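The following exercises are to be worked through with the sequence and the coordinates at hand. Each task is followed by a solution that goes step by step.

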Amino acid sequence: MIIRVTRSGGFGGGEEKLGALDTGKLDGSAVARIKDLVGELERLAARDQAIGADLFRYDVDIEDDQGARRHLVLIHEGDPGVPLPEPLAQLLAALEGRR
Amino acid sequence: MRTAVSYPRSPVPPVRRHDDPTGEDFGNVRQASRTAVRDPLGPAEAVEAAGIPRAMPVPPPIPVPKPFPVPLGSRFFIWKQDPSVGALGRRLVFIPSLVVNGPRDARIDTSLVGTSPVSRNADGDFLFLADTPEGDCAHTFAVVRETLTMFERVRGGVTIAWAWNVGGNTDVLTAYPRAGVTANAFYSRGQKALKFFFFTLSGAPEPLFTCRSLDIVAHESGHAILDGLKSGWLGINNPPQTGGLHESFGDLAAIFLALAQLDQADALIAMTKADLHQKNFLAALAEQFGAAVGRPAGLRNADNDLKLSQVSNEVHEISQIFTGAIYDILADIFRYERIRQSKTKDPALVLMEVGQHLCGLLLSALIRAPDTGALYVDVVNQMLKVSKEQNDPQIYRTFIYERFALREVVATEAPLALARGIVDWRDAAFASRKDDKADLVAADLQHPSVTGSQDRSGCCGTMQSPEYARDQKTLDAELKKLAEEGVTIPDAALLADEVAGLQRTFK
C-alpha cells in the first residue's frame, strides 16, 4: 500500500506535498498500524468536518496492493491551538519518520 | 484701516430673547454674539461710527439649532492597505452606526483575550495607537463592518445574514485579531468567526499581524458574507471553480472596499494616471503577507494575465482567473466611463462609481448563480443578464464576454475585439458578438476545475433577508439619556432593539 499526503489551502493557498509512505518497506506491526490509521481516517473523512474558507485541506491518496485507489479529504481549520485529528497527526508523524 | 481704539465703540446691543418654540437653549449662540461685539470693530460698526446712515437695523443673528439627536457612529483608525504600504498609512474612518464597547455591534463582535472589550472614549470613538492590541481590535472591527456595509449598500440596504442566522438566530460574527501564532487567517462557519493570526519572520524585529491588512480582513469578511448568501458553495462535492469563486470574492471584496473610499480612489488615479493596468496598490493583495512569503507584488495580484490552462485546481490559484477578469472589466468600464464623462467628473469619482456599479453587478450575479456547484460561466451569464436588465451600455457586456473569453472561461464566438485592438471606446453600443444574450458556454467543460471535486463536507440552508427597520427613536432616546445624565446603559440594552429587528428578519 502506498499513501501520499498533500496539504493545501490556508490564507496563502498553495500546495505542499507532505510525503509518501510505502508499506511494502515496513515490518508487519508497522503495516498493521498504518492500516488501522487509514481505517480511522476513512471514518473521520466520512463525518462532518469543519466548514469555512482558507482552512487547511489534507488530501490523502491511498493505493492498495491490488492497485485500487482511494482518495480522502480532511479539513483542519489551521488554528494552532487546535491539534490535528489524532489519526492524521499519527500518519504525518509516520511520514516524517520515513523522510 | 480699522482698529479698536480709533473709533468709539457702539453700545452693546441688548440681548434679545429668542422665543424658540422648541424650547432649545441657545445660550451659547447669544454668548457668541456678545463676544463678537467685544471684538475690534467690524465693517458694520465702522460704517456706523463714521456716521453713515444705515438703511435698516442689523437683525440679530438667527441661531442655528444644534442637530438633535446626536448622530450615531464612531471613529476608528484603519490601515488603508497594510503597514508595509507606508505611503498610504492609516486614516480615520467614521462608522455611521451604533458601536458599543468591544468594539461590537448587532452583527459583529471582537475578541482578544486580555484586551477586549475595548472601551470607546467619551466621544464614542475607538482611537488607538497603531501598534497596540486595542488598535488591532478597532481596525479589525472597522474593516469587517465596512465590508459588510458596502455589500449591504449595493443591495439597496438589504441586510445580509450570516450563514447561521436562520430561525431567528441573531448570533454575531466574531473577529479574533490576534488568534494565535501562525501565518494564516480564516473564516470558520462552525466557530462563527474570523481568525487572524500573527507570525514573526526570522530576523524580523516585530511580528506581522494579519489583522492589520485591510485586504486580509476584507477578504475573510467576504467569505463570511458570501457564505451567508450561498451557503451551499462551501459544501460537499463542489467543483474547484466554486471554491475559486469564494476566494475570488474575498479578494474582490478588498478591491471594492478600497475603491469605496474616495481618498484611495484619488491616490490610485494619481499613482496610475488613471490607467488601472499600471502597477498599483489596488491590484496587489495582501502586500505585507506577500512580501513575507517572497511575493513582492502582493500575495496575489488582480492585474494578472493568467488563463484557465495555466493554473492548478487549488482554489486560491484558480481564483486568480476570475479575479483577473473582473479587474480587467473594472479597468475597461472605467476607461469607457472616464472618456464619456471626461468633461463632467473627476476621474476619482468616476472610478468610485464604476467600482460600486461593478460590485453590485457581481453580487447580484453571484446570488442568482446555482446554489451548489456554481461554475465561472454561470456567474458570467448572470452578469450579462443583470447588466442587460439594468440597461447598462452594451459595451459593458462586450467587456464581460471578452475578458472571460480571453481567460478561456467561456467559448469564443468570433475573434475577440480586445485582442485585435479594435474596440471603439466611445461607442456605448460596441459589440463583438452577434447576439446580446446571456447564453455563453464554458470553453472547456472537461477542464479539471469543472470536473474535479473538492470533497468538502456539510452545508446548511441559506436564506435571503428582507430589509429590517430599526427602532431609531428608542435608540436615540437611550443615547440621549446616556449623554445627558451620565447613566450607564448596558451595551446589550443599547443593541437590544437592533437585535430584535434582526430576529424578525432572520426568520
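**Exercise 1.** What distance separates the centres of domain 2 of chain B and domain 3 of chain B, taken over C-alpha atoms? Describe also the side of domain 2 that touches domain 3.

*Solution.* Begin with the bounds in this predicted model: the domain assignment of chain B gives domain 1 as 1-66, domain 2 as 71-229 + 468-507, and domain 3 as 240-467. Taken over C-alpha atoms, the centres of domain 2 and domain 3 of chain B are 27 Å apart. Next, take the contacts, in which 39 residues of domain 2 of chain B meet 34 residues of domain 3 of chain B. On the domain 2 side, the elements that contribute two or more residues are helix 3 and helix 4 of chain B, and helix 4 of chain B supplies the largest share, 11 residues. Finally, sort that side of domain 2 by residue character, which yields 20 nonpolar, 12 polar and seven charged residues.

**Exercise 2.** Determine the strand order of the open sheet to which both chains contribute, and state which helices pack on the sheet.

*Solution.* The order of the five strands is 3(A)-5(B)-6(B)-4(B)-3(B), with mixed pairing. At the edges lie strand 3 (52-53) of chain A and strand 3 (108-110) of chain B, each of which pairs on one side only. To find the link between the chains, follow strand 3 of chain A to strand 5 (residues 185-188) of chain B: the two run antiparallel and are joined by two bridges. A:Gly52 has B:Ser188 as its bridge partner in strand 5 of chain B. Then turn to the helices, where helix 3 (residues 133-154) of chain B packs on the sheet and touches strand 3, strand 4 (173-176) and strand 6 (193-196) of chain B, its direction making about 165 degrees with that of strand 3 of chain B. Helix 4 (residues 214-229) of chain B also packs on the sheet, touching strand 3 of chain A as well as strand 4, strand 5 and strand 6 of chain B, and its direction makes about 20 degrees with that of strand 5 of chain B.

**Exercise 3.** Which stretches of chain B have a pLDDT below 50?

*Solution.* Start from the chain as a whole: the mean pLDDT of chain B is 84, and 81% of its residues reach 70 or more. Residues 1-42 of chain B fall below 50, and this stretch has 29 contacts in the model beyond near neighbours in sequence. Residues 454-472 of chain B are likewise below 50, with 58 such contacts. For the complex, the predictor gives an ipTM of 0.92 and a pTM of 0.82.

Technical notes. Residues are numbered from 1 along each chain as its sequence is written. Chains are lettered from A and ligands numbered from 1 in the order in which they are written. This is a predicted model: local features need pLDDT of at least 70, side-chain atom pairs count only at pLDDT 80 or more; totals for chains, interfaces and linings use all residues. Two strands pair if DSSP finds at least two bridges between them. Helices (H or I, at least four residues) and strands (E, at least two) are DSSP runs, numbered from the N terminus. Two residues are in contact if their C-beta atoms, placed from the backbone, lie within 7 Å. Axes are lines fitted to C-alpha atoms, for helices over the stretch in contact, and angles run from 0 to 180 degrees between N-to-C directions. Domain bounds come from an automatic or database domain assignment. Ala, Val, Leu, Ile, Met, Phe, Trp, Tyr, Cys and Pro count as nonpolar, Asp, Glu, Lys and Arg as charged, and the others, Gly among them, as polar. pLDDT is the predictor's confidence in each residue, from 0 to 100.
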